[in-house]
Amino acid sequence: MVYIVDKLKEFSTCMPYVPKPLDLSPPIVEGNVSTDNQTQSTMSTEQEEEEFIKNNYVARTLLNEPELPAITWTNWYKEINWPQATLLCLEPFIALYGIFTTSFAWQTAIFTLIWYFLTGFGITAGYHRLFAHRAYEATKTLRYILLTFGAGAVQGSAQWWSRGHRAHHRYTDTDLDPYSAHKGMFYSHIGWLIFKPRRKPGVADVTDLNHDPTIQWQHRNYISLAFFMSFVLPTLICGLGWNDYRGGYFFAGVLRLVFVHHSTFCVNSLAHYLGDTPFDDRHTPRDHFITALVTLGEGYHNFHHEFPSDYRNALRWFQYDPTKLLIEFFKLIGLASNLKEFPNNEIEKGRYTMVHKELEKLGRTIAWPKRNAELPIITFEEYQELSKKDDGRALILIAGFIHDAGHFIDSHPGGRALIKSYIGKDATVAFYGGIHDHNTAAHNMLAMMRVAICKYGGEVEHIKKRLGHVQTATPIFA
Ligand SMILES: [Zn+2]
Ligand SMILES: [Zn+2]
């Protein structure tokens, strides 16, 4: 007995949450519903548009808050965000200069890779999944660690970054998305950082970030922290460790920064262009393992946009998501807790919707049998009479439907004679296993040959009643 109770408890924890129905009395409908509908339908197109703008935050904001002028060949230099543009455009050249003028030390190469992962994880596990999406909870120590390494990726403070990212999710693909993929791959990758923002990103709730002392600490000290973590510390580690100050600066500092920058930028560009949409195709985010590979696992972006507060990006064990594994490791050592996962049932529902959409698309390319309502109804006697006519038709009754197998008689795998012997008769039993239990393809092909419904024709009686056919016969062929 105890065992059963325990099992039931275990089972109930796996059950999806089902809200209890509210105990409410039925709504009192005043007036006539159709009158309300009529009122709505009398609105002019202009009124409907006005109503839409009034009730739609994006449309209202876009209309009321003017955008900066378009970037042209005459004004481009005035519209550039010079400090950011200088940093982003210069760093690859400084890295190249370093590559051609600095001798190679294997310790520095390994350290560069490690520093790339550490500062990259500061963004993916810290800025993105922890601070922007609150996909898990972290101890103060872990928050400071992630904020410190995140600063080393030189992508602004976590507060600024998360605010923009929340707007990106809330207004994806609209002009209120700070790096909307609809503005082109270059713009969503780096253009939005090189040029002054064309308009303010849409409103996003950041009250939690404003009240988080760790976030505020990083925001206040961001510049010095970024400079120290990005250039000073890697230079010192390589210099003091194996006397390679120059390699530390050029490789672990600058070259690593180029890769970290473009890795994160790919989440805004590549992840909105390359790959599949297994969960929703109404917006641009896509899943692709190449994006995952270059972004420390942030490449399953279609899943991420559908289930943003899930700590995972990749669901399957073989998909590349080292950030997910790192968060699980943080949990294992007691630094992280409450790792959020969307219910599997809802995730599968998304997948199902997309498969269903694909099937519908395929269905639209296929010719289907006539609907029952399109078919005339005749009596069995009329059917027999019509089948005697020598007009090239071969009328056969199967399961209440009269079929014209005239064009198929010579292709029938069971032979011409068999079809001929059933003309004017009810071949239901023969078709359904009496002679041969026909396969699905045969059933599908037969359905395409329907020309009429036989009155009182067995299984389809309920269809005829439902369609409200009268008991008088309609001529089969005009
Ligand atoms: Zn995105
Ligand atoms: Zn996100």
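Here is a short walk through this predicted model, from the whole chain to its cores and a hairpin. Residues are numbered from 1 along each chain as its sequence is written, and chains are lettered from A and ligands numbered from 1 in the order written. Because the model is predicted, local features need pLDDT of at least 70 and side-chain atom pairs count only at pLDDT 80 or more, while totals for chains, interfaces and linings use all residues.

Let's start with the overall picture. The chain holds 22 helices and 6 strands, taken as DSSP runs numbered from the N terminus (helices: H or I, at least four residues; strands: E, at least two). Of its 478 residues, 32% are buried, meaning that 20 or more other C-beta atoms, placed from the backbone, lie within 10 Å of the residue's own.

Next, the interior. The largest nonpolar core (buried Ala, Val, Leu, Ile, Met, Phe, Trp, Tyr and Cys residues joined through C-beta atoms within 7 Å) has 41 residues, and Leu130, Phe131 and Tyr136 touch the most other members. Helices 6, 7, 8, 12, 13 and 16 each supply at least two of its residues, with the largest share, 10 residues, coming from helix 6. Apart from this core lies another, of 20 residues, including Ala394 and Ile396.

Ile396 also takes us to strand 4 (residues 395-398), where Ile396 and Ile398 on one side and Leu395 and Leu397 on the other are all buried. Strand 4 pairs with strand 5 (residues 401-404) in the antiparallel sense over 4 bridges; pairing requires at least two DSSP bridges. Leu397 has Ile402 as its bridge partner. The two strands form a hairpin with 2 residues between them, and Ala399 in the turn has a positive phi of about 55°.

Technical notes: Buried ≥ 20, exposed ≤ 12 C-beta atoms within 10 Å, placed from the backbone.
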